[in-house]
Amino acid sequence: MGRQIHFVVDPQGWCCMGLIILVWLYNTIFIPKVILFPHYDEGHISALAILCYYFCSLFCIASLLRASVADPGKLPENPEIPITVEREYWELCNKCNMMRPKRSHHCSRCGHCVRRMDHHCPWINNCVGEDNHWLFLQLCFYTQILSSYTLILDFCHYYYFLPLKKGNWDVFVFRHELALLRISAFMGLIILGGISGLFYTQLMGIFTDTTSIEKMSNCCEDISRPRKPWQQTFSEVFGTHWKILWFIPFRQRQPLRVPYHFANHV
């Protein structure tokens with residue numbers, strides 16, 4: 001589950017995702033060239049600062065690409081419905097006229113039902129569902145770290161680091177240094193502000209075991225299902241009890257075996 005390539009044909013989603021990749025490319029290329037490498041050459045910072053920046057950048061783009069092409073939990077055309085008591089946790093979709101587990105939702109953009117769908121995100125050009133929710137959370141997390149790191153470097157370059165010698169500068173960078181850093185700071189502030197609010201709502205949704213769609217439709221009340229510890233809800237989303245693996249995008253998610261009424265009952 002979650003290992004198939006899922007490609008959504010949506011020009012609006014392509015534009016949104018392309019914009020995110022352009023911002024990532026800009027910061028990955030110009031920030032090291034304007035700040036990190038020149039200050040490293042003059043001994044103002046260590047190589048660890050450069051490695052940490054590229055490490056955050058790598059994890060950010062990896063989670064973005066994987067979240068955008070991962071199967072979010074698309075239901076097959078003829079799902080196998082259990083003949084046991086679990087059958088009561090299935091329902092009929094009034095849009096595609098197919099049986100689906102409860103807590104699933106029909107995405108109008110993708111044209112199919114997704115298990116435990118949270119929302120459709122144009123910035124990854126994909127739905128956020130049961131099988132790629134963990135990648136979306138990693139994307140939010142590493143985007144915040146990379147944006148914060150970039151803003152700190154922009155600030156330190158002007159107010160903390162020693163002045164650079166002009167001989168160590170690239171001609172283009174030297175002529176457009178101020179403009180490059182202003183663009184970087186502006187993009188960092190916009191992305192950090194937007195993604196922080198989104199990340200907070202996602203965390204609160206996991207803590208309460210509620211999707212964004214359920215919050216908007218007010219169909220999920222406190223008495224609708226038993227409360228679970230936050231460790232369990234996070235483990236179910238990330239597919240592992242090992243907390244260190246929650247931060248690694250280079251792995252495959254394995255659904256945990258949990259009671260069916262916990263996983264699907266609303």
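Which backbone oxygen does the side chain of Ser235 reach? The close-ups below, all taken from a predicted model, start with that one.

**View 1. Ser235 and its polar partner in helix α7.** Ser235 sits in α7, the helix covering residues 230–238. Its side chain goes for the backbone oxygen of Gln231, and the distance comes out at 2.7 Å.

**View 2. The surroundings of Ser235.** Is Ser235 buried or exposed? With a relative accessible area of just 2%, Ser235 is buried, because anything under 20% counts as such. Leaving aside residues up to four places away in sequence, Ser235 touches Thr240, His241, Trp246 and Leu256.

**View 3. Ala70, in the loop between α2 and β1.** Helix α2 runs over residues 47–69 and strand β1 over 90–92, and Ala70 belongs to the loop that links them. Ala70 is another buried residue, at 7% relative accessibility. Now look across to Cys127: 57 residues separate Ala70 from Cys127 in sequence, yet their C-alpha atoms are 9.3 Å apart in space.

**View 4. Helix α1, end to end.** Here's α1, residues 11–41, with 31 residues in all. At 1.5 Å a residue α1 should span 45 Å, and its end C-alpha atoms lie 43 Å apart, so the two figures agree.

**View 5. The bend in α1 and what comes after it.** Where does α1 bend? Zoom in on Pro32: that's where the helix turns by about 45°. Further along, α1 is followed by Gly43, which has a positive phi, near 80°.

Note on methods:
Residues numbered from 1 in each chain as written. Predicted model: local features only at pLDDT ≥ 70, side-chain atom pairs only at ≥ 80, totals over all residues. Heavy atoms only, no water. Helix = DSSP H or I, 4+ residues; strand = E, 2+ residues; numbered from the N terminus. Buried < 20%, exposed > 50% of the residue type's maximum accessible area, 1.4 Å probe, protein only. Polar contact = N/O pair within 3.5 Å; in protein donor to acceptor, adjacent residues only side chain to side chain. Contact = heavy atoms within 4.5 Å. Expected span 1.5 Å × (residues − 1). Bend = angle between axes of the 7 residues up to and from the residue.
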